[in-house]
Amino acid sequence: MKKIISSAPGKAILFGEHAVVYGYPAIAIALSIRSKCIIEENTERNIQIFLENYNQRIKAPDFYRLEKKIPSKFNQLVTGLKLLQQKYDLNYSSLSFCFNTQLFPSSGLGSSASIAVAFIYGLNEYFGLGLSKDEINNLAYEMERIIHGTPSGIDNTICTFGNLIYYKGGEFQFIEVDTELPLLIIYSNIEHDTKEAINRIRRFKNTEPERANSYLKSIGKITNKAKNHLQQGNLDEIGDLMNKNQANLSSLHVSNQTISEITNFCLENGAKGSKLTGAGLGGCVISLGDLKILKNISQQLEANGFKSFLANIDKQGVRIE
Ligand code: MEV
């Protein structure tokens with residue numbers, strides 16, 4: 001029986017979140033932590049979708065009925081199936097699709113994009129469609145729109161191609177990095193709140209435009225400096241810039257006490273840099289440092305109830321396992 005396993009990396013914003021909303025640049029990194037999609041035939045002669053992380057399974061005799069009974073959590077996946085079916089007249093009966101991710105869901109690590117990219121890539125392989133990575137990326141973007149409205153496209157792009165992306169005003173540019181970038185990604189145990197975080201900065205800009213704009217401008221400068229240091233592999237400088245970026249995010253009121261406690265703990269224990277990643281007000285903290293030091297920090301955080309994982313740059317993007 002035919003079986004395809006595809007996987008795609010997650011992502012984190014390394015520099016520039018929020019400032020990017022106001023036209024400044026941001027840098028995103030593909031993380032060596034992946035989401036997987038397994039496509040195989042089943043003997044029940046129906047269509048099955050299984051989300052392992054949620055232990056949720058749905059079965060339907062055909063695509064039409066699958067679409068009717070699907071819970072909203074699966075909408076993105078049905079969109080992917082539909083897009084390809086319309087284009088290539090595919091038959092999904094007797095196919096099982098199983099998904100799992102090592103990423104913390106709903107925490108700004110691009111789990112939905114990495115699942116979408118792995119899914120389209122897996123279908124491409126299973127049916128021998130011969131799609132290019134650009135086409136995979138575009139289809140995954142259509143799936144992302146179902147969940148996120150009009151996303152920037154950064155998540156699906158980085159999950160498809162891997163590496164680091166510098167983006168500004170809708171333009172993407174890959175950054176070549178030769179060194180390892182050992183990172184620890186820590187979940188703050190609080191869901192991130194993108195809407196509230198963006199609104200906070202908007203309110204701040206309305207009431208104190210000069211102060212708010214100076215913090216955003218400063219983040220823009222930090223991101224540009226970081227781009228150069230990433231290209232040169234200067235880890236100490238990158239860590240220092242992460243701390244400066246965090247200080248500005250904190251001044252913009254999108255950090256919180258738990259995030260500060262985690263970043264301080266990481267720095268006190270030898271990390272080179274530590275900051276929130278993504279929207280803030282929860283979500284994840286990203287710390288840079290020597291692998292051994294990060295391992296030690298991870299163990300100590302675990303003992304204090306904070307889950308984390310070690311990661312590095314993923315240079316491959318989506319792949320078949
Ligand atoms: C959220 O992951 C990143 C923000 O900069 C929002 C955005 O860029 O759309 C906070």
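Strand β3 and strand β5 (residues 95-101) run parallel and are joined by four bridges, and in this predicted model Leu51 of β3 stands opposite Phe99 in β5. On β3 there is also an antiparallel partner, strand β4 (residues 56-60), with which β3 pairs over five bridges. The points below take up the burial of β3, its hairpin with β4, the nonpolar cores and helix α10.

**Strand β3 and its surroundings**
- Because five of the five residues of strand β3 (residues 47-51) are buried, the strand is largely enclosed by the rest of the structure.
- Ile47, Ile49 and Leu51 point one way from β3, while Gln48 and Phe50 point the other way, and burial extends to all of them.

**The β3-β4 hairpin**
- β3 and β4 form a hairpin in which four residues lie between the two strands, and Asn55 in the turn has a positive phi of about 50°.
- Across this antiparallel pairing, Phe50 stands opposite Arg57 in β4.

**Nonpolar cores**
- The largest nonpolar core has 48 residues, and of these Ile49, Leu66, Tyr92 and Phe97 touch the most other members.
- Helix α3 (residues 111-126) gives the most to this core, contributing ten residues.
- When residues up to four places away in sequence are not counted, Leu66 touches Ile47, Ile49, Ile58, Ala60, Val78 and Leu81.
- A second core, separate from the one just described, has 31 residues and includes Leu109, Tyr187, Leu241 and Leu288.

**Helix α10**
- Helix α10 (residues 291-303) has 13 residues and reaches 19 Å from its first C-alpha to its last, which is close to the 18 Å expected at 1.5 Å a residue.
- The buried residues in α10 are Leu294, Ile297, Ser298 and Leu301; seen down the helix axis, the buried residues of α10 fall within an arc of 105°, so they line one face of the helix.
- As background, an α-helix has 3.6 residues a turn, so residues three or four places apart point the same way.
- The buried residues of α10 pack against two kinds of element, namely the strands β8 (183-187), β10 (284-288) and β11 (308-311), and the helix α9 (257-268).
- On the face of α10 turned away from its buried side are the exposed residues Lys292, Gln299 and Ala303.
- Just after α10, Gly305 takes a positive phi of about 90°.

Note on methods: Residues are numbered from 1 along each chain as its sequence is written. This is a predicted model: local features need pLDDT of at least 70, side-chain atom pairs count only at pLDDT 80 or more; totals for chains, interfaces and linings use all residues. Side-chain values use heavy atoms; hydrogens and water are left out. The expected span of a helix is 1.5 Å times one less than its number of residues. Buried means under 20% relative accessible area, exposed over 50%, partly exposed in between (1.4 Å probe, protein chains only). The arc is that of the directions from the helix axis to the C-beta atoms. Contact means heavy atoms within 4.5 Å. Two strands pair if DSSP finds at least two bridges between them. A nonpolar core is a set of buried Ala, Val, Leu, Ile, Met, Phe, Trp, Tyr and Cys residues joined through side-chain atoms within 4.5 Å.
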